[in-house]
Amino acid sequence: MMRLALILMMLAGPAAAVQPDEVLPDPVMEARAREISRDLRCLVCRNESIDESNAELARDLRLLVRERLVEGDSNTEVLEFVVARYGEYVLLRPMATGSTLLLWIAGPVMLLAGLGTAALYLRRRRGGDQAPVDALTEAERARLDEILKG
Amino acid sequence: MIAELGHFALTLALAVALVQTVMPLIGAWKGWPGWMAVADPAATTQFLLVGFAFAALTHAFVTSDFSVALVVSNSHTLKPMIYKISGVWGNHEGSLLLWVLILALFGACASWFGGNLPPTLKARVIAVQGSIGVAFLMFMLFTSNPFDRMPLPPMDGQDLNPLLQDPGLAFHPPFLYLGYVGLSMAFSFAVAALIEGRVDAAWGRWVRPWTLAAWVFLTIGIALGSWWAYYELGWGGFWFWDPVENASFMPWLIAAALLHSAIVVEKREALKSWTILLAILAFGFSLIGTFIVRSGIITSVHAFANDPERGVFILLIFAFFVGGALMLYAMRAGVMEAKGVFSTFSRESALVLNNVLLAVSAFVVFIGTIWPLVAEMLWDRKLSVGPPFFDAAFTPFVVALAMLLPLGASLPWKRAELGKAMRPLWGALALSVAGGALTFAVQTGQSALGPVGLALGLWVVLGAASDLWLRCGRGSIGQRLGRLTRLPRADWGKAVAHGGLGITIFAVAALTAWQVEDIRVVKPGDSFEVAGYDITLQGVREVQGPNYRSTMAEMRVRDGSRNFTLFPEKRIYPVAGMPTTEAAIDYGFLRDVYLVLGDPQADGGWAVRSYIKPFANWLWGGCIIMALGGFISLSDRRYRIAAGSRKAPQGVPAE
């Protein structure tokens, strides 16, 4: 229970996330900082980005991100800088390299496999496609039209 | 004393569950009616015994009996009564008891309302349900007894986690469990059918209402949890792709697939073995959810982080039931001969596509959830899979589903023609695309998410309306309106649920794309402007609550002609030693004004966070409409009257 309490404490401390004194004067750059922050994990929290977290470490990281941006780094460069320091664990959007590529292509591959299986199944089920289930003779069709009009 | 009686009742329930498992199975195998008939009284008795144990635990919480260890660690004398009661399931042991209670309830329901099932199938369903009860009662009695006593009872308890002291969260777990455990019925039906070696239209008709009910409860439970996160966690997020959220979302997706494929079994006697597999998987995902929450293997904000012994036990239960069922499936699935034939372009095919998309999307969520574990075990890579991944990997499936839904839902069974099926939908399509384009033009320079969401949502809602209109046949508008009221409730349920999905899709996109956020320091008496709203911080004061202290701000908001005052708070619960943020929200039809009070600043000001959240209520409104659609469909005449007629129609009921 204590651990749960601790975990939840990190989650919803008294004040949430980005503090007023962190916000950059340039709104475009601030928006970029927020975007990057959402991709970075707060390392001492459970599944929270630094954008949402109240932990001290998250604040330090947010300030670091803004510092790098002010110094002229691109978004990718900032991310690379943080990863070099903290490891890929910090990325909430795992890099599509090496074994992690499997994670990224798993969805599309499964979809193709699913569609393929479904297509095979549908072809097999079509057996009665030519069966006279709803083939009407001309006379029947005329009669049907008559009924429907009436 | 009452606690001991509760414990004793649980032990008896285990014995009864054993009888409920073994005797009906043997009876059905040997064809002994007397042994099969044991299922009914056993299911009812098991439910009553577990119900008594639950009442005993509730009694301990309500009377604050601090000689029971569970009450000490989760309750407090000062806590309001409703949270004393919700404290019963706000912890591992108690929630497990609720789980087992609902499990026994569903078993008893199969006995009470299953009068028209073939006797062997009924006996087997109740027996399988009983066997799940055996596993979980053993789990509870051996590793997590809720009735453990304290040798030295303290004077007062340690209080329930303050975040859980909330009306939204008080009812979130029961609904979620009704959903999770409701899927056990689909599982029991599937396994019973595999043992029988027979699946027909009647089976589809029996299994569907249980799945539908479970899905409806899951929908409500997930919506409640998401709503709670929205107003309680202090920044208005509504979905975090947290492992435990995913654990409830995966069974929801599979259940949605299952209740669609069960229609095909019921109406067309096709997709039988796939439907059985889905039923097994749906409950399998429920068990995985239970495992994730209680084993502590995947860290999550919700986890009842606990000792690994429990995790191993649940893993064994999971392996036994899902492994066993899949083995049985491998042996017997071949028997399920499909009957109905249909053309490649037909409602059957549309439902197959629906199933592929839903199942693969559940798979994507699953693989994302367990990937950190897999990567660490296989390649020793410590990495995170968070919301950015899920947003990117899951959203395409939603878009594809929404695009195909209106067309697929309006196709006739057996064979369809694209041109004919699209004819009534062109108007809806044009209107939605125009709506999206217009929004895109108006909101210049923002992401395409909002307009795309609007177009998709409109398309799904209008498609549902057009489908309903089409079902009224031909004739004058008056005649058609007359028929509209007499349509089967299943048609209404379908249209309403699909419409709800469209609304939710739109709301998620709108809320994500158009929310306005403002973070600043405000001194008491100062005003500021956010997206056309004038907000004034009138003052901040200390307030004493029943079991907390609060720092409460008074903020006036001017919205054109309308004025209102909001009171965002920061609370400290001294017993649990925990601070919480209480956002103040003005709920509106088109937008929420969401204010959060932050920390005091050195210059005497306060950090204040203001959000304007467009269409926030539509998100949960859409979920509620989806659930409502499920309820309407459940009340359809064929479940009330025709359910279980043994001579299931061989042909196809004219649709």
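Here are some numbered notes on this structure, which is a predicted model.

1. Starting with chain A: its secondary structure is helical, with six helices and zero strands. Read from the N terminus, the order is simply α-α-α-α-α-α.

2. Chain A has 150 residues, and 29% of them are buried. As for how its contacts spread along the sequence, take those with a separation of 6 or more: 51% of these join residues 24 or more positions apart.

3. On to the packing. The largest nonpolar core takes in 215 residues. If you want to find its best-connected members, look at V100(B), A186(B), I254(B), A255(B), A279(B) and A282(B), which touch the most other members. Helix 9 of chain B, residues 201-232, supplies the largest share of this core, with 21 residues.

4. A186(B) is a good one to click on. Leaving out residues up to four places away in sequence, A186(B) touches V207(B), W210(B), T211(B) and A214(B). The list for A186(B) goes on with L258(B), A279(B), A282(B) and F283(B). Two of those names, A279(B) and A282(B), also turn up among the core residues that touch the most other members.

5. There is also another core, lying apart from the largest one and made up of 17 residues. Among them are I535(B), Y594(B), L597(B) and W606(B).

6. Back to helix 9 of chain B for a glycine, G204(B), that sits in this helix. Is G204(B) buried or exposed? G204(B) counts as buried because 24 other C-beta atoms lie within 10 Å, and the cut-off for buried is 20 or more.

7. What does G204(B) pack against, leaving aside its neighbours within four places in sequence? The contacts are A262(B), V265(B) and E266(B). E269(B) is worth a look too: G204(B) and E269(B) are 65 residues apart in sequence, yet their C-alpha atoms are 8.3 Å apart in space.

8. Last, the domains of chain B. The assignment gives domain 1 as 1-160 and domain 2 as 516-616. Their C-alpha centres lie 44 Å apart. The two do touch, with six residues from domain 1 of chain B and five residues from domain 2 of chain B taking part in the contact. On the domain 1 side, the residues that touch domain 2 of chain B are a mix by class: two nonpolar, two polar and two charged.

Conventions:
Residues are numbered from 1 along each chain as its sequence is written. Chains are lettered from A and ligands numbered from 1 in the order in which they are written. This is a predicted model: local features need pLDDT of at least 70, side-chain atom pairs count only at pLDDT 80 or more; totals for chains, interfaces and linings use all residues. A nonpolar core is a set of buried Ala, Val, Leu, Ile, Met, Phe, Trp, Tyr and Cys residues joined through C-beta atoms within 7 Å. A residue is buried if 20 or more other C-beta atoms lie within 10 Å of its own, exposed if 12 or fewer, and partly exposed in between; C-beta atoms are placed from the backbone. Helices (H or I, at least four residues) and strands (E, at least two) are DSSP runs, numbered from the N terminus. Two residues are in contact if their C-beta atoms, placed from the backbone, lie within 7 Å. Domain bounds come from an automatic or database domain assignment. Ala, Val, Leu, Ile, Met, Phe, Trp, Tyr, Cys and Pro count as nonpolar, Asp, Glu, Lys and Arg as charged, and the others, Gly among them, as polar.
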